[in-house]
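Student: Before we go through the helices and the side chains, could we have the sequence and the model in view?

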Amino acid sequence: MLIAALTVTGIAALVHVYVFVLESLLWTTPRARAVFGLDEQTARTTAPMAFNQGFYNLFLAVEIVAGIVVHTTGRHTVGAVLVLVGTLSMVGAGIVLLASDRSKVRPALIQILPALIGSLLLIASLTTD
């Protein structure tokens, strides 16, 4: 179960790295504008906000990756805490997105589900050891 937990939480981290790239590096490109449903003017106007938001997503991913690395090197408690802080923050942010804009169900679920499933698997693996 631990391998599944770390794999799924790793997927959650990869999703957030992808979002970092879109928000911080590619925000005004046609690809990012299409993903977020923005016109060119709105993308230019909101670029500073998106740049910051992208780094937020990157830092969540870094927490998870650091936790996976630390966990696999034998520091199980510290690694699990890092993974859970990252994934549960993702779940919380996804809930805020869903609560603030009901038209964002799909992106909210993309953010919530891998992080939530991975968190639950990790917690289950910790309670069975």
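Student: At what angle do helix 4 and helix 5 pack, and how far apart are their axes?
Tutor: This is a predicted model, and the values here are computed from it. Helix 4 spans residues 76-100, while helix 5 spans residues 105-127. The two pack with their axes 8 Å apart, at an angle of about 150 degrees.

Student: Is helix 4 roughly parallel or roughly antiparallel to helix 5?
Tutor: The angle between helix 4 and helix 5 is about 150 degrees. Because angles over 145 degrees count as roughly antiparallel, helix 4 is placed in that class relative to helix 5. The crossing of these two helices is left-handed, and their relative direction is roughly antiparallel.

Student: What is the arrangement of helix 3 relative to helix 4, roughly parallel or roughly antiparallel?
Tutor: Helix 3, which covers residues 40-72, packs on helix 4 at an angle of about 155 degrees, with the axes 7 Å apart. That angle makes the pair roughly antiparallel, since the class takes in angles over 145 degrees. The crossing of helix 3 and helix 4 is left-handed, and the arrangement asked for is roughly antiparallel.

Student: Which residue meets arginine 44 in a salt bridge, side chain to side chain?
Tutor: The count of salt bridges comes to 1, and arginine 44 takes part in a salt bridge with an N to O distance of 3.0 Å. The partner lies 4 residues away in helix 3, so the two are separated by about one helical turn. Arginine 44 is partly exposed at a relative accessible area of 44%, and its partner is partly exposed at 46%. That partner is glutamate 40.

Student: How far apart in space are threonine 45 and threonine 73?
Tutor: Threonine 45 belongs to helix 3 and is exposed, with a relative accessible area of 55%. Threonine 45 and threonine 73 are 28 residues apart in sequence. From C-alpha to C-alpha, the distance between them in space is 44 Å.

Student: Which nonpolar surface patch includes Ile117, and what is its area?
Tutor: Isoleucine 117 is found in helix 5 and has a relative accessible area of 42%, so it is classed as partly exposed. Patches are made of residues with over 30% relative accessible area, and Ile117 is joined in one by Val105, Leu109 and Leu113. The area of this nonpolar surface patch is about 300 Å².

Note on methods. Residues are numbered from 1 along each chain as its sequence is written. This is a predicted model: local features need pLDDT of at least 70, side-chain atom pairs count only at pLDDT 80 or more; totals for chains, interfaces and linings use all residues. Side-chain values use heavy atoms; hydrogens and water are left out. Patches are made of residues with over 30% relative accessible area and no salt bridge: like charges are joined within 9 Å, nonpolar side chains (Val, Leu, Ile, Met, Phe, Trp, Tyr) within 5 Å. Accessible areas come from the Shrake-Rupley method with a 1.4 Å probe; for residues, only the protein chains shown count as cover. A salt bridge is a side-chain nitrogen of Lys or Arg within 4 Å of a carboxyl oxygen of Asp or Glu. Buried means under 20% relative accessible area, exposed over 50%, partly exposed in between (1.4 Å probe, protein chains only). Axes are lines fitted to C-alpha atoms, for helices over the stretch in contact, and angles run from 0 to 180 degrees between N-to-C directions. Angles under 35 degrees count as roughly parallel, over 145 as roughly antiparallel, 65 to 115 as roughly perpendicular and the rest as oblique. A crossing is left-handed if the near helix is turned anticlockwise from the far one by less than a right angle, and right-handed if clockwise.
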